[in-house]
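This report is written for someone meeting the structure for the first time. Please look over the sequence and the model before reading on.

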Amino acid sequence: QNLISPSERQAALTALRLEIGNARIALQLRQDAEFKRSVMRIEQWLTRLYASTPALQERRARLRATAAAPLSVSVPLSGSSLLELRRLKQENRS
């Protein structure tokens with residue numbers, strides 16, 4: 001691993017923290033593409049800042065797996081719950 005000066009290291013740590021913040025916001029807003037780009041930049045900073053250890057490799061693998069997962073949530077169609085309740089009510093009457 002290349003040694004970096006303390007000021008460069010501090011700047012890199014700040015950039016890493018900002019990217020983590022960007023990734024969290026993208027995750028909350030369900031912005032899939034932006035989340036994946038942030039994860040890629042986080043990985044680049046991790047590679048630059050820390051020595052490659054099994055623990056770091058495991059965390060990077062979990063980060064990549066998280067980025068690969070879909071961010072969208074299946075939402076029921078409008079009115080489908082009401083229709084389901086009416087169907088159940090009809091079944092109970094029968």
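Against which helix do the buried residues of α3 pack? The buried residues of α3 pack against α2, and the sections below place that contact within the chain, bearing in mind throughout that the model is predicted.

## The chain as a whole

The protein chain holds four helices and zero strands, and its pattern, when read along the sequence, is α-α-α-α. Of the 94 residues in the protein chain, 20% are buried. Among contacts in the protein chain with a separation of 6 or more, 60% join residues that are 24 or more positions apart.

## Helix α3

Helix α3 has 15 residues, and the distance from its first C-alpha to its last is 21 Å, which is close to the 21 Å expected at 1.5 Å a residue. The buried residues in α3 are L56, R60 and A67. Because they cover an arc of only 35 degrees around the axis, these residues lie on the same side of α3. P54, R62 and A68, by contrast, are exposed on the other side of α3.

## Helix α2

The 18 residues of α2 should span 26 Å at 1.5 Å a residue, and the end C-alpha atoms of the helix are indeed 26 Å apart, so the two values agree. Buried in α2 are F35, S38, V39, I42, E43, L46 and L49. Seen down the axis of α2, these buried residues fall within an arc of 145 degrees, and they therefore line one face of the helix. On the other side of α2, M40 and Q44 are exposed. The buried residues of α2 are covered by parts of the chain that include α1 and α3.

## Two residues of α2: S38 and E34

Is S38, a residue of helix α2, buried or exposed? With a relative accessible area of 0%, S38 is buried, because residues under 20% are counted in that way. If its neighbours within four places in sequence are left aside, S38 is in contact with E19, N22 and A23.

E34 is also found in helix α2, but its relative accessible area of 24% makes E34 partly exposed. Leaving aside neighbours within four places in sequence, E34 is in contact with A26 and R41. The C-alpha atoms of E34 and N22 are separated by 8.3 Å, although these residues are twelve residues apart along the chain.

## The loop between α1 and α2

R30 sits in the loop between α1 and α2. The phi angle of R30 is near 60 degrees, which is a positive value in a residue other than glycine. At 47% relative accessibility, R30 counts as partly exposed.

## The largest pocket

How much space lies in the largest pocket? The largest pocket holds about 280 Å³ of space, and 13 residues line it, with I20, A23, R24, I42 and L63 lying nearest its centre. By class, this lining is made up of nine nonpolar residues, one polar residue and three charged residues.

Three helices, α1 (6-28), α2 (32-49) and α3 (54-68), each supply at least two residues of the lining of the largest pocket. The helix that gives the most to this lining is α3, with five residues. Two of the residues nearest the centre of the pocket have already appeared in this report: A23 is in contact with S38, while I42 is one of the buried residues of α2.

Definitions and conventions
Residues are numbered from 1 along each chain as its sequence is written. This is a predicted model: local features need pLDDT of at least 70, side-chain atom pairs count only at pLDDT 80 or more; totals for chains, interfaces and linings use all residues. Side-chain values use heavy atoms; hydrogens and water are left out. On a 1 Å grid over the protein atoms alone, a cavity is a set of points where a 1.4 Å probe fits but cannot get out, and a pocket is an open set with protein on both sides within 12 Å along at least five of seven lines; lining residues have an atom within 4 Å of a point. Grid points are joined across faces, edges and corners, and a volume is the space filled by probe spheres set on the points. Ala, Val, Leu, Ile, Met, Phe, Trp, Tyr, Cys and Pro count as nonpolar, Asp, Glu, Lys and Arg as charged, and the others, Gly among them, as polar. The expected span of a helix is 1.5 Å times one less than its number of residues. Buried means under 20% relative accessible area, exposed over 50%, partly exposed in between (1.4 Å probe, protein chains only). The arc is that of the directions from the helix axis to the C-beta atoms. Contact means heavy atoms within 4.5 Å.
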